[in-house]
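Please open the structure in a viewer and keep the sequence panel visible beside it. The tour below proceeds by selections, each followed by a description of what is found there.

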Amino acid sequence: MIRIGAVNIDTSHPLGFGEALEQMGRAKYVGVYNDSFRGKEEVNGFVRRFGLVKHCDSLEELADMCDIGFIHGCNWDDHLRCAQPFFDRKKPVFIDKPLVGNLEDCRRVEELTANGAIILGCSSVRYCYEIQEYLNRPIEERGETVQLFGTSGVDEFNYGIHIVEAAGALLGIGASWVKYLGRSHADGKYCESYYVQYENGKSFLYNTFTGIWQPFAITVMTTRTTHTFTIDSSRLYTALLEQICNYMEGKPSLLVSVTDLLESVKIMLAGSASRASLGRAVMLTELNPALPSYNGGRFLQDYAASAGAMYATL
């Protein structure tokens, strides 16, 4: 049984992951460390619900007692601090989406992995069954991908990263530039559109919708036909956790490299920079720390202010 240490149970993911892991029977949470906004009663509820061995007093104590760390905090600017004790112990870390939100942290991730850190992640949509099934079809049948269109809802980055990672699964790496196309709005909610050009001539158009949940819907135009599918969100956690368990058990997995994960972040950073420059196409190679980034601390504050109790009564 793979022993998982949970760090910061901010979102619904620790609960959803824990339930999926119970059904799978291959891994389980054994400890938790929390220094985010969830209070002691919530952490104790999480401990009771999944029969954890311990509520740890430090990240180091948690890293000592598990095989892999799961960083669940919704402040992406804090992810690398939380992961460091696992890196120090040569243990792998799954970092929940988004991996990071600025170019300096992207560079730090590249440095860490170059020095041996094992980072797994991030979006469950990247590994969803619908994409797996599509890619398993012979290319003679489905055709060579030319263009993708994808949708996401709730917010720009925290949820938008899902659909960009999905495109990474379908197109691989090699994004060249990103252009912000504009905004549509109604009833206080708005949708923004971005165009991504790849070095090999392929492209990706994605929409983020702020203020309401939207399904992850994907349209793939190929050299043979057009394929459209909507992701079944009820199966997402299992699809991701199967790949993590495969990796931990030494079996073949679909988990991708940090290079792939970071390209998704850089696509969104380039899109944000393009919006700030009124739609100028922004090359990924021209990203620099002075350009707009995504503030994880501010997102945490907003998330905590609207989050109700989730774990206290478990």
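The stops that follow concern a predicted model and lead from a sheet to its helices and then to single residues.

**Stop 1: the open sheet**

Begin by selecting the strands β12, β11, β7, β10, β9, β8 and β13, which form an open sheet in that order. The sheet has seven strands, and their pairing is mixed. Which strands stand at the edges? They are β12, residues 226–230, and β13, residues 282–283, each of which pairs on one side only.

Next, select residues 217–222, which make up β11. This strand is antiparallel to β12, and five bridges join the two. Within this pair, Val220 is found opposite His227 of β12. While the strands are displayed, one general point may be kept in mind: side chains in a regular strand alternate between the two faces of the sheet.

**Stop 2: two hairpins**

Now select β8 (175–186), β9 (189–198) and β10 (203–210). How many bridges pair β8 with β9? There are ten, and the two strands run in the antiparallel sense. One position to display is Ser184, whose bridge partner in β9 is Cys191. The two strands form a hairpin with two residues between them. In its turn, Asp187 has a positive phi of about 55°.

Continue from β9 to β10: these strands are also antiparallel, and eight bridges join them. Here Val196 has Phe204 of β10 as its bridge partner. The hairpin of β9 and β10 has four residues between the strands, and Gly201 in this hairpin shows a positive phi near 95°.

Is β9 largely enclosed or largely open? Seven of its ten residues are buried, so the strand is largely enclosed by the rest of the structure.

**Stop 3: helices on the sheet**

Select residues 129–136, helix α6, which lies across β7 (145–152), β11 and β12. The direction of α6 makes an angle of about 155° with that of β12. Then select residues 258–276, helix α10, which packs on the sheet and touches β8, β9, β10 and β13. The angle between the directions of α10 and β8 is about 60°.

**Stop 4: a pair of helices**

Keep α6 selected and add helix α8, residues 160–171. In general, two packed helices are described by the angle between their axes and the distance between the axes. For α6 and α8 the angle is about 15°, and the axes are 10 Å apart. An angle under 35 degrees counts as roughly parallel, and α6 and α8 are therefore roughly parallel to each other. Their crossing is right-handed.

Which residues meet between these helices? Display Ile131, Tyr134 and Leu135 in α6, which meet Ala166, Ala169 and Leu170 in α8. By class, this contact has six nonpolar residues, with no polar and no charged ones.

**Stop 5: helix α4 and the residue Lys90**

Select α4, residues 79–88. Seven of its ten residues are buried, so α4 is largely enclosed by the rest of the structure. The buried residues are His79, Leu80, Cys82, Ala83, Pro85, Phe86 and Phe87. They pack against β1 (2–7), α3 (59–65), β4 (68–71), β5, α5 and β6.

After α4, proceed to Lys90, in the loop between α4 and β5. Lys90 has a positive phi of about 60° although it is not a glycine. Is Lys90 buried or exposed? Its relative accessible area is 69%; because exposed means over 50%, Lys90 is exposed.

Compare Val154, in the loop between β7 and α8. Val154 is likewise a residue other than glycine with a positive phi, near 75°. At 28% relative accessibility, Val154 counts as partly exposed.

**Stop 6: two cis peptide bonds**

Select Lys97 and Pro98: the peptide bond from the former to the latter is cis, with omega near -15°. Pro98 belongs to the loop between β5 (93–96) and α5 (103–114). Then select Gly121 and Cys122, which are also joined by a cis peptide bond, with omega near -15°. Cys122 is located in strand β6, residues 119–122.

**Stop 7: the surroundings of His13**

Finally, select His13 in helix α1, residues 13–24. His13 is buried, with a relative accessible area of 11%. Leaving aside residues up to four places away in sequence, His13 touches Gly18, His72, Asp96, Lys97, Tyr237 and Tyr311. Among them is Lys97, which was selected at the previous stop for its cis bond to Pro98.

Methods:
Residues numbered from 1 in each chain as written. Predicted model: local features only at pLDDT ≥ 70, side-chain atom pairs only at ≥ 80, totals over all residues. Heavy atoms only, no water. Pairing = 2+ DSSP bridges. Contact = heavy atoms within 4.5 Å. Axes fitted to C-alpha atoms, helices over the stretch in contact; angles between N-to-C directions. Parallel < 35°, antiparallel > 145°, perpendicular 65-115°, else oblique. Left-handed = near helix turned anticlockwise from the far one by under 90°. Nonpolar A, V, L, I, M, F, W, Y, C, P; charged D, E, K, R; others polar. Buried < 20%, exposed > 50% of the residue type's maximum accessible area, 1.4 Å probe, protein only.
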